[in-house]
Amino acid sequence: MVVNSSTKHAPTSLEDLKSLLAPDNKVKVAGCVVKSFDVDGVLRGKFMSKEKFLSAASSDGFGFCSVIFGWDLHDAVYSRELLISNSANGYRDLIASIDLSTYRRIPWENNVPFFLVSFLDPETRAPVSVCPRGVLKRVLSKGEQYGWQCLAGVEFEYFQFKETPHSLVEKKFSDLQPLTPGMHGYSLLRTQLNNDYFHDIFNEADKFDIDIEGHHTETGPGVFETALAYNTALRMADNALLFKYLVKSLGMKYGITPSFMAKPWGNLPGCSGHIHVSIRDNNGDNVFAVKPEELKRGREGAAYDELKYISQSAEYFLAGVLHGLTDVMPALVPTINGYKRLSGGEAFWAPNAVTFGYDSRAASVRVISPPSVPAAATRFEIRVTGADVNPFFALSAILGLGIRGVEKKLALPVAPVSSLSLEDKKTGKIPMLPLSLEAATAKMVRPDSVAREIFGDEFVDHFCGTREHEIKLWNEAVTSWEVERYLELA
């Protein structure tokens with residue numbers, strides 16, 4: 001059983017840390033912020049001298065400009081000033097608190113030491129309400145009150161292009177060359193065309209303390225899929241964040257641009273970021289699993305036959321996720337483009353409604369339980385999320401909703417997807433997911449949104465403000481589709 005989120009060689013004391021850093025003269029630190037990794041695809045950080053780092057590690061941390069919470073992925077200040085960083089507070093420093101349990105060395109950067117940070121208020125030393133690691137820690141603490149440890153896994157699909165940052169700009173992001181042509185899911189031949197790059201992703205991840213469970217080509221020109229091995233929810237979010245950093249860094253080495261954009265092509269499948277979750281108790285038993293004596297015939301009292309091999313707690317958890325799903329969509333699908341993956345998603349197994357089903361890839365929540373897996377592997381797969389997901393916010397939303405369902409003993413709001421039809425979507429029998437960031441943000445920000453229960457008002461107001469900024473920029477943009485459609489004939 002996984003018992004903590006620490007990396008393999010993480011120091012347990014300041015003396016351990018000094019010993020680990022003995023041969024070094026600098027350290028790289030990074031933090032994930034509300035508008036950066038993955039919400040807008042940036043991991044912000046810097047190098048520090050070893051002396052400065054050790055001084056910060058022996059105290060609360062070090063000052064880090066709060067502007068990283070006040071601008072977007074292109075370093076433009078948000079359309080309206082938000083809570084954390086603004087002119088009224090002088091874009092003050094926050095305290096970046098070093099998490100020694102995240103210690104790694106970056107193998108493609110001469111093994112430089114690397115740590116993640118979390119952000120604290122400089123006056124109260126309380127976690128900043130929109131710090132991604134802090135948000136997830138708050139949700140996980142709710143589970144800990146019941147003696148639960150939340151576990152997770154993430155799968156990423158991502159396109160690769162034979163392009164560099166310079167060529168992308170020179171081509172104006174059009175007519176990009178895929179790494180390989182054609183649709184070749186699970187191909188053993190296509191990987192031979194870029195063998196060193198393909199193997200480097202797996203091997204460098206191992207050195208970087210990110211465990212990979214599976215790595216293969218996926219259908220689509222130049223598409224890979226990588227499944228990250230199950231771990232504690234916090235460690236999984238860290239690993240997912242850093243996996244993207246790793247792939248993008250290695251891509252530069254090979255003249256390749258990997259993209260975790262959810263829907264790069266309108267006529268091809270999008271890039272998913274499916275999330276698996278389960279809970280273990282203090283004894284190491286899966287809280288979602290049925291009792292051994294129930295494996296033969298299933299659990300009595302299950303709401304539906306498809307759920308007879310999951311526990312009552314799991315059924316409540318599932319109901320909680322389904323009840324609140326539409327209210328937390330921006331935390332699961334944070335970009336304008338992400339909703340293109342869900343629109344007409346039936347054609348590509350991308351869900352667009354509040355649905356669940358046993359081992360169903362057509363549902364928003366796939367129930368994975370016996371008889372298809374051992375009871376110990378019972379879990380839920382959330383299929384709404386794309387590869388552009390912020391794993392911290394998504395896991396916070398999923399686990400927060402699920403725990404809320406257990407606390408309130410919620411009943412399932414819908415029947416299994418196997419008993420429903422496309423007509424049920426038209427008649428309103430099945431609640432539909434918001435299919436634009438604008439609609440999703442409007443649901444999340446409203447006063448009675450379930451998101452406010454899960455995340456708190458400060459987070460919702462700030463985060464939705466960042467999404468409203470994206471919406472404003474999108475609404476002001478004139479796209480090539482509009483020019484081609486209207487320029488001559490309108």
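**Helix crossings, core and salt bridges**

Modeller: The helices H3 and H6 pass each other in a right-handed crossing. The model is predicted.

Colleague: How are H3 and H6 oriented to each other, roughly parallel or roughly antiparallel?
Modeller: The axes of H3 (residues 132-144) and H6 come within 10 Å. They cross at roughly 160°. Angles over 145 degrees count as roughly antiparallel. So H3 and H6 are roughly antiparallel.

Colleague: Which residues of H6 does H3 meet?
Modeller: On the H3 side, the contacts come from Arg133, Leu136, Lys137 and Leu140. Their partners in H6 are Ala233, Leu234, Ala237 and Asp238.

Colleague: Which helix gives the most to the largest nonpolar core?
Modeller: That core has 128 residues. Those with the most contacts inside it are Phe119, Phe156, Phe243, Phe380 and Phe455. One helix, spanning residues 233-254, gives 12 residues to the core. The top contributor is helix H6.

Colleague: Take Phe455. What is it in contact with, leaving aside neighbours within four places in sequence?
Modeller: Phe455 is among the residues with the most contacts inside the core. Its contacts include Arg138 and Ser396. The rest of the list is Val135, Val328, Ala331, Phe393, Ala397, Met444 and Val460.

Colleague: Now H7 and H10. Which term describes their orientation?
Modeller: H7 and H10 (residues 391-408) pack with their axes 6 Å apart. The angle is about 120°. The roughly perpendicular range is 65 to 115 degrees, and roughly antiparallel needs over 145. The pair is therefore oblique.

Colleague: What is the handedness of the H7 and H10 crossing, left-handed or right-handed?
Modeller: In H7, Ser313, Tyr316, Phe317, Gly320, Val321 and Gly324 form the contact face. In H10 they meet Ile398, Leu399, Leu401, Gly402, Ile403, Gly405 and Val406. H7 passes H10 in a crossing that is right-handed.

Colleague: On to charges. How many salt bridges does the structure hold?
Modeller: Some are pairs, such as Lys28 with Glu109. Others join up: Asp359, Arg366, Glu381 and Arg383 are linked in a network. The structure's count of salt bridges is 23.

Colleague: How many residues apart are Lys28 and Glu109?
Modeller: Their closest N and O atoms are 3.0 Å apart. Lys28 sits in strand S1 (residues 26-31). Glu109 is in the loop between strand S4 (93-106) and strand S5 (112-120). The pair links distant parts of the chain, with a separation of 81 residues.

Colleague: Which of those two is buried?
Modeller: The cut-off for buried is under 20% relative accessible area. Glu109 has 23%, so Glu109 is partly exposed. At 15%, the buried residue is Lys28.

Colleague: Which parts does the salt bridge between Asp327 and Arg446 tie together, and how many residues apart are they in sequence?
Modeller: The closest N and O atoms of Asp327 and Arg446 are 3.0 Å apart. Asp327 lies in the loop between H7 (312-324) and H8 (329-332). Arg446 lies in the loop between H12 (437-445) and H13 (450-455). So the bridge ties together two loops whose separation is 119 residues.

Colleague: What is the relative accessible area of Asp327?
Modeller: Its partner Arg446 is partly exposed, at 27%. Asp327 is buried, with a value of 5%.

Colleague: Last pair. In the salt bridge of Asp457 and Arg452, which residue is buried?
Modeller: The two side chains meet at 3.0 Å, N to O. Asp457 has 46% relative accessibility, so Asp457 counts as partly exposed. With 16%, the buried one is Arg452.

Methods. Residues are numbered from 1 along each chain as its sequence is written. This is a predicted model: local features need pLDDT of at least 70, side-chain atom pairs count only at pLDDT 80 or more; totals for chains, interfaces and linings use all residues. Side-chain values use heavy atoms; hydrogens and water are left out. A nonpolar core is a set of buried Ala, Val, Leu, Ile, Met, Phe, Trp, Tyr and Cys residues joined through side-chain atoms within 4.5 Å. Buried means under 20% relative accessible area, exposed over 50%, partly exposed in between (1.4 Å probe, protein chains only). Helices (H or I, at least four residues) and strands (E, at least two) are DSSP runs, numbered from the N terminus. Contact means heavy atoms within 4.5 Å. A salt bridge is a side-chain nitrogen of Lys or Arg within 4 Å of a carboxyl oxygen of Asp or Glu. Axes are lines fitted to C-alpha atoms, for helices over the stretch in contact, and angles run from 0 to 180 degrees between N-to-C directions. Angles under 35 degrees count as roughly parallel, over 145 as roughly antiparallel, 65 to 115 as roughly perpendicular and the rest as oblique. A crossing is left-handed if the near helix is turned anticlockwise from the far one by less than a right angle, and right-handed if clockwise.
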